[in-house]
Amino acid sequence: MLLSVVIPCYNEEDNVELFYDTIVHVFGNLMKDTELIFVNDGSRDETFRRLENIYKNSPYQIKVISFSRNFGKEAALLAGLQHSEGDFVSIIDADLQQRPEYILEMMSILNEHPEYDSVAAYQEERKEGRILSFFKNCFYKIINKMTEMEMVRSASDFRLLKRKVVDAICSMPEKCRFSKGIFSWVGFNTFYMPYQVEERANGVSKWSFWKLFVYAIDGIVAFSTVPLTVVSLAGILLCVLSGLFMIIIVVKTLIWGDPVAGFPTLASLVLFTSGIQLLCTGVIGHYLAKNYIETKDRPVYIVKDFLKK
């Protein structure tokens, strides 16, 4: 049975050859039944040249998909899955933070437990700051309450999938993709396996706090319409409060002759209502923007070079 290993790469010139040597050493004889799919996501360094060298000198099944520019990790994951041919498909990063040994462990789990369709790895102990960890916990709590599905905290893209799961994922035509949500949305029985993340072999993470924040917003918008309901309720509540406040002002003026509060109160009310309106407009605009992207029906990625053996 063929195993496909999808490896997204972005500016990983110092890691791809080390990754290749490591996985060949770990897999041993299993390499003859394995295809490695390297997806070069528009790297600006020598990543593609290093991958080309691996392709020319490797005796094993190698595919190198090189994009015309950087389309993002979501596009790289989709390209790797769409070009995979294995009965099992694994996704792993090229920086060796996720050790290839875990793939063999995942294979054992699926072979010993046929009731499971995929294995997802999650970090028992995250090696990151408390602030980042706090915001990630908040994200998982929020999105799990907003959607019908459940996303397991700390579950990464590092996983092993059976072919039917891969086919289900590839059948989803959406352009604005959020893989963590897609993995949960398609269903199937998933075994969650703890693993220990390692230090990067070389280089630094491409994910900044801002990129993670935008990614989290995209995930909520992609799988929930609750924010639209919230802004609608906020609008209704604001209208009710405004009506009550107007009645109070009129009654006080007619009965007790109290003067209407001056400029500070008026300015505060205007700023408050304007802020609510801008927030609601922003939420609606985000959904419209995603719909605009989907209706243009542009490809998720464009392949510049494709090497296969």
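I take exposed to mean over 50% relative accessible area, and buried to mean under 20%. The model I am reading is predicted.

**Entry 1: overview.** I looked up the secondary structure and found 10 helices and 8 strands. The protein has 309 residues, and 40% of them count as buried. I then checked contacts with a separation of 6 or more. Residues 24 or more positions apart account for 84% of these. The exposed surface comes to about 17,000 Å², with carbon and sulfur atoms supplying 60% of it.

**Entry 2: helix H2.** Which residues of H2, residues 47-57, are buried? I listed Thr-47, Phe-48, Leu-51, Ile-54 and Tyr-55. Their arc around the axis is only 115°, so they sit on the same side of H2. The spacing fits a general rule. An α-helix has 3.6 residues a turn, so residues three or four places apart point the same way.

I turned to the opposite face next. The side of H2 facing away from the buried one carries Lys-56 and Asn-57, both exposed.

What covers the buried residues of H2? I found strand S1 (3-9) and helix H1 (16-27) among the cover. Strands S2 (34-40), S3 (61-67) and S8 (303-308) are also included.

**Entry 3: helix H3.** I moved on to H3, residues 73-82. Here 8 of the 10 residues are buried, so the rest of the structure largely encloses this helix. I noted the buried ones by name: Glu-74, Ala-75, Ala-76, Leu-77, Leu-78, Ala-79, Gly-80 and Leu-81.

Note on methods
Residues numbered from 1 in each chain as written. Predicted model: local features only at pLDDT ≥ 70, side-chain atom pairs only at ≥ 80, totals over all residues. Heavy atoms only, no water. Buried < 20%, exposed > 50% of the residue type's maximum accessible area, 1.4 Å probe, protein only. Helix = DSSP H or I, 4+ residues; strand = E, 2+ residues; numbered from the N terminus. Arc of directions from axis to C-beta. Contact = heavy atoms within 4.5 Å. Areas by Shrake-Rupley, 256 points an atom, 1.4 Å probe, with all protein chains shown as cover.
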